[in-house]
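The following exercises treat cysteines, buried residues, pockets and a cavity. Please study the sequence and the structure before reading each solution.

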Amino acid sequence: MSLAGKTAVITGSNSGIGLGVAREMAKAGAHVVLNSFTDRDEDHALAADIAKEFGVNAKYVSADMSKGEDCRRLIVDAGTCDILVNNAGIQHVAPIEEFPTAKWDAIIAINMSSAFHTAAAAVTGMRERGWGRIINIASAHGLTASPYKSAYVAAKHGVVGMTKTIALETAQEPITCNAICPGYVLTPLVEAQIPDTMKEYGMDRDTVVKEVLLARQPSKEFATVEQLGGTVAFLASDAAAQITGTTISVDGGWTAL
Ligand code: NAD
């Protein structure tokens with residue numbers, strides 16, 4: 001599958017799934033625009049490394065996805081946005097009565113509203129060029145819930161709903177909008193939770209992974225960032241031109257339970 005000549009903008013892509021998606025897009029021949037809210041040499045170096053490895057154009061644009069104006073500026077600074085991957089996300093876990101309002105606001109802004117702003121800014125250019133793909137990285141928590149994750153579950157369900165609406169608004173154009181719903185993916189974010197959980201439960205790593213982290217993931221295996229990248233590449237391909245307004249679960253069977 002070739003995405004040669006297309007430009008993919010991936011929010012929150014200096015680590016984890018976003019970086020994995022950026023690499024898979026570049027592997028498929030797309031130029032890539034990486035993003036996070038920092039502006040460090042190592043952020044720009046990630047883009048330079050991708051450009052060198054895959055022979056595509058790659059740049060890093062610093063923009064804070066908690067701010068609507070930054071989300072819209074990202075699309076302008078990208079130059080072209082044929083494939084928009086809304087991936088930036090954060091998490092906070094607390095019971096509803098203790099959930100800090102500032103965390104609620106940040107999760108709703110970064111995990112949900114950013115996708116509204118970037119899509120709103122990108123869709124006009126997609127229409128002008130006659131082709132576009134909007135791919136939102138939601139979550140199994142866009143389809144199901146867990147306790148203590150009120151803001152995250154609300155934001156991810158919101159993203160799934162918005163995905164359907166954008167798909168209907170673009171249905172008669174060569175633009176699609178879909179959401180990917182991953183179960184647990186072994187990113188640095190998840191890896192960092194393992195040592196503490198081992199201590200808390202007095203379990204070894206393997207038992208923590210299978211019985212705590214992957215308790216709801218029937219495959220008992222993490223999804224990988226490469227698998228997420230491959231799913232994004234599929235949704236960007238011609239084979240997926242009639243797939244719009246839906247979700248694809250990459251969750252080892254979580255939502256079949
Ligand atoms: P991660 O922490 O490795 O990556 C999150 C990315 O978002 C980072 O690049 C970070 O810099 C960026 N980011 C955070 N706040 C930002 C802001 N204000 N502006 C711009 N960028 C910002 O986490 P991840 O596991 O790779 O998660 C990526 C996405 O996948 C998130 O939306 C997450 O909800 C979703 N997801 C992850 C899992 C999982 O198990 N890892 C499962 C389901 C869904």
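A disulfide is counted here as a pair of cysteine sulfur atoms within 2.5 Å. The model is predicted, so local features need pLDDT of at least 70 and side-chain atom pairs count only at pLDDT 80 or more, while totals for chains, interfaces and linings use all residues. Residues are numbered from 1 along each chain as its sequence is written, and side-chain values use heavy atoms, with hydrogens and water left out.

**Exercise 1. Disulfides**

Determine how many disulfides the rule yields, and explain why Cys71 has no bond to Cys81.

Solution. Step one recalls the chemistry: a disulfide is a covalent bond between the sulfur atoms of two cysteines. Step two considers Cys71, whose closest cysteine sulfur is that of Cys81; the two are 12 Å apart, and therefore too far for a bond. Step three considers Cys81, for which the closest cysteine sulfur belongs to Cys177, at 12 Å, again too far for a bond. Step four gives the count, which is zero disulfides.

**Exercise 2. Buried residues**

Classify Cys71, Cys81, His117 and Glu24 as buried or exposed, and state which residues His117 and Glu24 touch.

Solution. Step one sets the cut-offs: buried means under 20% relative accessible area, exposed over 50%, and partly exposed in between, with a 1.4 Å probe and protein chains only. Step two applies them to the cysteines: Cys71 has 0% and is therefore buried, and Cys81, at 3%, is buried also.

Step three turns to His117 in helix H4, where helices (H or I, at least four residues) and strands (E, at least two) are DSSP runs numbered from the N terminus. At 18%, His117 is buried. Contact means heavy atoms within 4.5 Å; leaving aside neighbours within four places in sequence, His117 is in contact with Gly68, Cys71 and Arg72.

Step four takes Glu24, which belongs to helix H1 (residues 16–27). Its relative accessibility is 16%, so Glu24 is buried. When residues up to four places away in sequence are not counted, Glu24 touches Glu226, Gly229 and Gly230.

**Exercise 3. Cavity and pockets**

Describe the largest cavity, the largest pocket and the second largest pocket by volume and lining.

Solution. Step one fixes the terms. On a 1 Å grid over the protein atoms alone, a cavity is a set of points where a 1.4 Å probe fits but cannot get out; a pocket is an open set with protein on both sides within 12 Å along at least five of seven lines; lining residues have an atom within 4 Å of a point.

Step two examines the cavity. There is one cavity of 30 Å³ or more, and the largest cavity holds about 50 Å³ of space. Two or more lining residues come from each of helix H4 (101–129), strand S5 (132–137) and helix H5 (150–169). H4 supplies the largest share, four residues. Among the lining residues are Asn86, Ile110 and Lys156.

Step three examines the largest pocket, with about 1,100 Å³ of space. It is lined by 40 residues, of which Asn87, Gly89, Ile90, Thr187 and Leu189 are the closest to its centre.

Step four examines the second largest pocket, of about 460 Å³. Of its 18 lining residues, Lys149, Tyr184, Tyr201, Val212 and Leu213 lie nearest its centre. Helix H7 (193–201) and helix H8 (205–213) each give two or more residues to this lining, and the largest share, five residues, comes from H7.

Definitions and conventions:
Grid points are joined across faces, edges and corners, and a volume is the space filled by probe spheres set on the points.
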